[in-house]
Amino acid sequence: MKQSLTLGKVTKFMGLGFLSTLKDLFTGKLDKEDFKTFLRKTVVPIASILLFIGLWHMGAKSLYNIEANHKIEKALTDQGQEAADALRACIASGESGCQPNTLPSPSQVWDSYKSLLRDHNIIAADKAAFIEKTAALNETRIAQGLDPITYTGRPSFVDQIFRSLKTVFAGFLLALFIAVPVGIFIGLSPTLKSAFNWFIQIFKPVSPVVWYLLVFMIVKTLLIGSNEDSSFTISFISVGLCSMWATLVNTAMGVSSVDKDYINVAKVLKLGNFQKIFKVVLPSSLPLIFTGLKITLSVAWMVLIAIELLAQSPGLGLFVWEEFQNGANDSNAKIIVAMFVIGIIGFLLDRLMLTIQNWVSFDKTDAI
Amino acid sequence: MAYLELNNIYKTYGQGDSATEVLSNINLTIEEGEFVAIVGFTGSGKTTLVNLINGLIEPTKGEVLFKGAPVQGTSHERGVIFQNYSLLPWLTVGQNVFMAVKEAFPKKSKTELNDIVAEYVEMVSLTPAINKRPKELSGGMRQRVAVARALAMKPEMIIMDEPLGALDALTRGNLQDEILNIWGKDKRTALLITNDVDEGIYMADRIIPLRPGPNATLGPEFKIDLERPRDKTEMNDNANFKETRNAIIEYLMDIGDERKSKSTVEYVLPELSPKDFVNQFK
């Protein structure tokens, strides 16, 4: 009993309340009263997911037919009846060389997902074998003061996901360490606010692509002469600069709009500036700062794809772009897999921030 | 020399055409050890008056003298209990009080400070709740924390801005007694702002009505010649009490009526008659 109670609390806290309802269903603890809630919270979303997949399937099928008919007709007008018949037979046989290139169906996407996982397992095994093979050699190389030999094979899809996450977190931390302190200073001083306001207003709406180019110009010059791979540096700085504005604006607003009662308390107690900022101003603006950080993280994840693509940083963005350029039979399906992975990870990141936010900040409605 | 002196205080908010004079020509003297209550309607400028005395705002004209010297900013000598408790919700009861004590006695060691915190939290009988956050406490408990926080700084004068306004009658009565107890121990000077005449009579030596703003000014003072400690039930039968109470209420009612009759705004109603629906369909 106690365990399910804690699970319920934890999942609710994380904004994943439906999980505990699901558990109650399987353990048979759901009473009739809760059944309606269960229907609404679990059955309805599942039904809508199924409906979505159904519509997608039918839509993909009709697009497939349009594309196939167009191809056959083109063959008929360009090359004659014989070629058209051959193409029709080829499409019907399912041979990969002549398939129409259009929106993949859900089952194709699922197959691609499985093939990507298989691919990952192969690469992981290969990597493990490589590490095992070079372990002894690397030890002697390190002893001699040489760089160890590292695996330089193709990254798998899962490797690319982790690389993307790394880039996003580095960019997010950069945004955090720039935007929160600057936001606090701007919020505290009206002079600084008017000094920085034009800057914020002008740079906030700048597109990720332009940020990338700007960072590229600067980093390229700074790293002149070094043959290090700068794609990671460039992409995480660009992500950070693109996404920090929400935190900057929210922090400044939170700091400048602290409840007047708290400021009066600070004055009556004659708190010093340091005490006032850390004991009164910051705790009271934490909810807004976290709202900003939540937006920053989701923006960072969103612009990451475009920036990785431009920076040739081997993450999900580059994966999508390379698959598109590749034009292989299952490329479109792989792009859709990447789309879902991006979406689901974005959702999980949002939940993660919400959990941290609930954990650190006091409830505004319970204030005073 | 009076302990606290307000000389010809005027306070105006805004400028030019939009200026409103909230307080005008306020004169008040409070002697050391005295308990003075100011009663007035809501919105009559009571909080503005309090903020002037505790140094949160400055008068537009006139001067506030505390022990002969003009008030400049807030001071630990004047402890304030705010109307809405103003506890910091992210700190526990103990931390809220500790923050104040630490500012008031920067030279004391941490154990000494903790002893003071414990003493004052015990005084308002909240020791079991010392590690709780304000949202876990009832309104009365929160106000007691605010009282402990103000008193723990050992101010020479306590300024209370409608401290019990948001509490129910029973809690109110208990807290009134507690505040009186604490005040009686070392006879600090106290200024109570309230909208409850009975509360004023029960607690104070002197009651001064505040005529409602804009242009709020102080009315004639009423001395309360009741022996301390006062008993609430006995007080109700005391002829002196009844007389004073009636006088004050009458005075306040009179200004209320005066204010109503003085209103120069005339509401011109448009000439309208109901639409004739019946004939329309004939």
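## Reading a two-chain model, feature by feature

Colleague: Let's begin where the chains meet: how many residues of chain B are in contact with residues of chain A?

Modeller: In this predicted model, 16 residues of chain B are in contact with 17 residues of chain A. On the chain B side, the largest share comes from helix α2 (residues 93-104), which supplies three residues. Sorted by class, that side of chain B has nine nonpolar, five polar and two charged residues.

Colleague: And which domains does the assignment give for chain A?

Modeller: The assignment gives domain 1 (31-98), domain 2 (105-154) and domain 3 (156-366) of chain A. For the relation between two domains, look at their centres and their contacts. The C-alpha centres of domain 2 and domain 3 of chain A lie 31 Å apart. Between these domains, 11 residues of domain 2 of chain A are in contact with eight residues of domain 3 of chain A. The domain 2 side of chain A has five nonpolar, four polar and two charged residues there.

Colleague: What does UniProt list for residues 161-353 of chain A?

Modeller: An unreviewed UniProt entry lists that stretch of chain A as "domain: ABC transmembrane type-1". In the model, residues 161-353 of chain A are 85% helix and 0% strand, and the end C-alpha atoms of this stretch are 19 Å apart.

Colleague: Over to chain B. How many helices and strands are there in chain B?

Modeller: Chain B has nine helices and 10 strands. Its C-alpha atoms fill a box of roughly 90 × 50 × 50 Å along the principal axes. Of the 282 residues in chain B, 37% are buried. Among contacts in chain B with a separation of 6 or more, 69% are between residues 24 or more positions apart.

Colleague: In what order do the four strands of the open sheet in chain B stand?

Modeller: Read a sheet from one edge to the other: here the order is β2-β1-β4-β5 in chain B, with antiparallel pairing. β2 (20-30) and β5 (69-70) of chain B each have a single partner strand, so one side of each has no neighbour in the sheet.

Colleague: Which strands pair with β1 of chain B, and over how many bridges?

Modeller: Strand β1 (residues 4-13) of chain B is joined to β2(B) by seven bridges, running antiparallel. I9(B) stands opposite I26(B) in β2(B), and Y13(B) has T20(B) as its bridge partner. The two strands form a hairpin with six residues between them; in the turn, G14(B) has a positive phi of about 80 degrees. β1(B) also pairs with strand β4 (residues 61-66) of chain B, in the antiparallel sense over five bridges, where L4(B) stands opposite F66(B).

Colleague: How should I read a positive phi in a residue that is not a glycine?

Modeller: As a general guide, most residues other than glycine have a negative phi. Two cases in chain B are worth a look. N8(B), with a positive phi of about 45 degrees, is not a glycine, and N8(B) lies in strand β1 of chain B. E162(B) has a phi near 40 degrees and sits in the loop between β7 (157-161) and α5 (169-186) of chain B.

Colleague: Are N8(B) and E162(B) buried or exposed?

Modeller: Count the C-beta neighbours. N8(B) counts as exposed because it has 12 of them inside 10 Å, whereas E162(B) is buried, with 21 other C-beta atoms within 10 Å.

Key
Residues are numbered from 1 along each chain as its sequence is written. Chains are lettered from A and ligands numbered from 1 in the order in which they are written. This is a predicted model: local features need pLDDT of at least 70, side-chain atom pairs count only at pLDDT 80 or more; totals for chains, interfaces and linings use all residues. Two residues are in contact if their C-beta atoms, placed from the backbone, lie within 7 Å. Ala, Val, Leu, Ile, Met, Phe, Trp, Tyr, Cys and Pro count as nonpolar, Asp, Glu, Lys and Arg as charged, and the others, Gly among them, as polar. UniProt positions are given in the numbering used here, feature names are shortened, and annotations may be inferred rather than shown by experiment. Two strands pair if DSSP finds at least two bridges between them. Domain bounds come from an automatic or database domain assignment. A residue is buried if 20 or more other C-beta atoms lie within 10 Å of its own, exposed if 12 or fewer, and partly exposed in between; C-beta atoms are placed from the backbone.
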